[in-house]
Amino acid sequence: MNPQESHLSEARKRFLTIYRQEKYKDAANEIHNLLLNILLKIYTEAKAKATGGIREEIEKTQLEIFGGRDTNNISLKELAALFHKLNILEIAEGNETDRNLLKAFSLMELVDLSEQSLHDSDDRAKKYLFTIYAFVVALLSFNGEVDPTGDTSSTKSNIIDRTFSLNLDTGIMVNPHDLTRNVSFKAVTFSVMIGHICTQVVNKVLAEYNPADLGQNVRQIEESLNTILSESGYNAGSNFGEALTKDFQREAQLSLHQKIKLWCEFDTSVGWGKFEDELIVDESIKRVQGKVVLQSNFLVAEKTRLDFNLCSLMKGYIKGVLEKLLGFSVNVEHKRDSNCAQFNPDKQFCDFLVSEALP
Ligand SMILES: [Zn+2]
């Protein structure tokens, strides 16, 4: 662990401690300095690695913005102006997932908020702190030196300890990436619970039918349940897709493909399984073809072919999100025999086939 890593990690922990003590003005000071220091570190590293024309451009812009002062003597606002002008987050070395996440924020706006919160009352400062913190967590993780959890172990792997912020006074847990309230279930608990509701509905309804018609009725009821699951997933996906679209509007330069990629990264980051898009989108003629592949789909975890399959929920969810992101109607198909991991024990993935809906 080098001294700078330890310094940043300690500052992050200090911020959380002060925040939990509800000293929001002090917390604003802490996060302001932390933001300055992590940006400075990323800038210094990017500059050290730059060569040729990029190096010259960096030195020229630094002189324009900082004059002759060294980097230890500049304000956060000046540093943000430099990041903005040179697009430092684009040229710095870092983790691609976090780079994409960082693009969803406006650095200049965040720095304004941070400056403002230094002069605000506790209550007003509190409003901005989590937004600034979410950005700082993504910066620390992007830089790769400091794990977002504060674990400074330098071994790189694709396993991260995911941080959600829990307020012990209110019992509310927040995902720092989108600042919304989240709850945590064991994956199996959630799907067992929903599966149980479905099985009970089938049994209860069947009890009212003539046993002679049973086979036919089981299929009909299961079909109705799948429609309900799909519509429920669709509503949830549609709401989430709309919220994401609003977030993305602040970043006009994101292509449809980048938006889909960011959505996949988001839902992967909350542990639903690994979403990968294998989609080809032609925005101009409103066409989409391909599939969304979900590895380790939590809805089929520890399920056998005898359990009620919940993939219609995911199918509707994917349709809802994609329609909001793309701005046109799509069809999503998920066939048990060929696309679902629950019915194909050797398959690690659930494939959701996507095409534009015919008019
Ligand atoms: Zn499936």
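Reader: Hi! How many Å separate the centres of domain 1 and domain 2 here?
Author: In this predicted model, the centres of domain 1 and domain 2, taken over C-alpha atoms, are separated by 37 Å.

Reader: Thanks. And which residues does the domain assignment give to each?
Author: The assignment puts residues 3-159 in domain 1 and residues 201-356 in domain 2.

Reader: How many residues of each are in contact with the other domain?
Author: Five from domain 1 are in contact with seven from domain 2. By class, the domain 1 side of that contact has one nonpolar, three polar and one charged residues.

Reader: Nice. Switching to the open sheet of four strands: what's the order?
Author: The order reads β4-β5-β7-β6, and the pairing is antiparallel. β4 (274-282) and β6 (330-333) are the edge strands, each pairing on one side only.

Reader: By how many degrees are neighbouring strands turned against each other?
Author: On average by 15 degrees, with direction ignored.

Reader: Cool. Over how many bridges do β4 and β5 pair?
Author: Over nine bridges, in the antiparallel sense, with β5 covering residues 287-295. As for a position along that pair, D277 stands opposite V292 in β5.

Reader: Which helix packs on the sheet, then?
Author: That's α12, residues 311-326. Helix α12 touches β4, β5, β6 and β7, the last of these spanning 349-356.

Reader: And what angle does the direction of α12 make with that of β6?
Author: About 155 degrees.

Technical notes: Residues numbered from 1 in each chain as written. Predicted model: local features only at pLDDT ≥ 70, side-chain atom pairs only at ≥ 80, totals over all residues. Pairing = 2+ DSSP bridges. Helix = DSSP H or I, 4+ residues; strand = E, 2+ residues; numbered from the N terminus. Axes fitted to C-alpha atoms, helices over the stretch in contact; angles between N-to-C directions. Contact = placed C-beta atoms within 7 Å. Domains from an automatic or database assignment. Nonpolar A, V, L, I, M, F, W, Y, C, P; charged D, E, K, R; others polar.
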